[in-house]
Amino acid sequence: MKRFTVILFVLVFIAGCPKKDKKTTEIEVESKEKKFSITDYIGIEGSYSGYVMKNGTKLYRARKKGESVMQIYMEKDGKTTKVTDHEDAVDSYKVSPDEEKILYLISVGGNEQYNIYMNNLKSGELFKLLDDDKIKYENPVWTDNGGFLYTSNEVNGKDIYIYHY
């Protein structure tokens, strides 16, 4: 009986070990309609954080087909325009009370030390407002006078304080 238990244990162990010569590059998920690979899922377009202005113009973050990062798009009268075009993804954005400007966050290389940019939607001008790869700038909120509040760890890299710009 002891010999049988040892043999059974060895067989179960060997059966559970992966073969070294087998390489898997695609993961397939079976659906009722068709098989999907990981490549199919990477290619999915998505949009997030939609905002509809008083005049009907729509703003949203999206990763369009052929792009690797999220950007901000504006849709007006059926025409879509790319508002931002950065190498790194746009994390979030806030529309000004007069709906003429947006503040948005980007972390260079995904380092989560967000920088704050401003885009004038009417003129298309882009401003890099707060940019330091060692400091995290977050949570911009517009004020009624055209400025904004934000949080930052710029004092010591740990503690978060509120600032006015």
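# Pocket, salt bridges and strands

User: Which residues line the largest pocket?
Analyst: Keep in mind that this is a predicted model. The lining of the largest pocket is made up of Met53, Asn55, Thr57, Met74, Lys76, Asp98, Glu99, Glu100, Leu121 and Lys122.

User: And how much space lies in that largest pocket?
Analyst: Its lining includes Met53, Leu121 and Lys122. The space they help to enclose comes to about 180 Å³.

User: By class, how many residues of each kind does the lining of the largest pocket have?
Analyst: Met53, Asn55 and Lys76 are among the lining residues, and under the classes used here Met counts as nonpolar, Asn as polar and Lys as charged. Sort the whole lining that way and you get 3 nonpolar, 2 polar and 5 charged residues.

User: Let's pick Glu99 from that lining. Is Glu99 buried or exposed?
Analyst: Glu99 is found in the loop between strand E7 (90-95) and strand E8 (101-106). Its relative accessible area is 14%, and the cut-off for buried is under 20%. So Glu99 counts as buried.

User: What phi does Glu99 have?
Analyst: Glu99 sits in the loop between E7 and E8 and isn't a glycine. Even so, its phi is positive, at about 60°.

User: Asn139 has a positive phi too. Where does Asn139 lie?
Analyst: Asn139 isn't a glycine either, yet its phi is about 50°. With a relative accessible area of 48%, Asn139 is partly exposed. As for its place in the fold, Asn139 belongs to strand E11.

User: Which residues form a nonpolar patch on the surface?
Analyst: One member comes from strand E11 (residues 137-142), namely Val141. Val141 has 44% relative accessibility and counts as partly exposed; joining a patch takes over 30%, so Val141 clears that cut-off. The patch, with about 270 Å² of accessible area together, consists of Val141, Leu149 and Ile162.

User: How far apart are the C-alpha atoms of Tyr150 and Ile162?
Analyst: Tyr150 is found in strand E12 and is buried, with a relative accessible area of 6%. Ile162 is 12 residues away along the chain. In space, the C-alpha atoms of the two are separated by 5.7 Å.

User: What separates the C-alpha atoms of Glu154 and Ile135?
Analyst: Glu154 is in the loop between E12 and E13, and at 36% relative accessible area it is partly exposed. Along the chain, Glu154 and Ile135 are 19 residues apart. Their C-alpha atoms, though, are separated by 5.4 Å.

User: How about the C-alpha atoms of Gly157 and Lys134, how far are they separated?
Analyst: Gly157 lies in the loop between strand E12 (148-152) and strand E13 (161-164). Gly157 is partly exposed, with a relative accessible area of 42%. Gly157 and Lys134 are 23 residues apart along the chain, and their C-alpha atoms are separated by 7.7 Å.

User: On to charges. How many salt bridges does the structure hold?
Analyst: Side chains of opposite charge can pair when their charged atoms come close. One such pair is Lys128 and Asp131, with N to O at 3.2 Å; Asp131 is partly exposed, with a relative accessible area of 38%. Counted over the structure, the salt bridges number 5.

User: Which side chain meets Glu67 in a salt bridge?
Analyst: The N to O distance in this pair is 2.6 Å. The pair links distant parts of the chain, 15 residues apart: Glu67 is in the loop between strand E4 (58-63) and strand E5 (71-76), and its partner is in strand E6 (residues 79-82). Glu67 is partly exposed at 21% relative accessibility, and the partner, also partly exposed at 32%, is Lys82.

User: Is Asp85 buried or exposed?
Analyst: Asp85 forms a salt bridge with Lys82, the closest N and O atoms being 3.2 Å apart. Asp85 has 62% relative accessibility, and the cut-off is over 50%. That is why Asp85 counts as exposed.

User: And which residues are joined into one network by salt bridges that share partners?
Analyst: Lys82 pairs with Glu67. Lys82 also forms a salt bridge with Asp85. With those partners shared, the network consists of Glu67, Lys82 and Asp85.

Technical notes: Residues are numbered from 1 along each chain as its sequence is written. This is a predicted model: local features need pLDDT of at least 70, side-chain atom pairs count only at pLDDT 80 or more; totals for chains, interfaces and linings use all residues. Side-chain values use heavy atoms; hydrogens and water are left out. Patches are made of residues with over 30% relative accessible area and no salt bridge: like charges are joined within 9 Å, nonpolar side chains (Val, Leu, Ile, Met, Phe, Trp, Tyr) within 5 Å. Accessible areas come from the Shrake-Rupley method with a 1.4 Å probe; for residues, only the protein chains shown count as cover. A salt bridge is a side-chain nitrogen of Lys or Arg within 4 Å of a carboxyl oxygen of Asp or Glu. Helices (H or I, at least four residues) and strands (E, at least two) are DSSP runs, numbered from the N terminus. Buried means under 20% relative accessible area, exposed over 50%, partly exposed in between (1.4 Å probe, protein chains only). On a 1 Å grid over the protein atoms alone, a cavity is a set of points where a 1.4 Å probe fits but cannot get out, and a pocket is an open set with protein on both sides within 12 Å along at least five of seven lines; lining residues have an atom within 4 Å of a point. Grid points are joined across faces, edges and corners, and a volume is the space filled by probe spheres set on the points.
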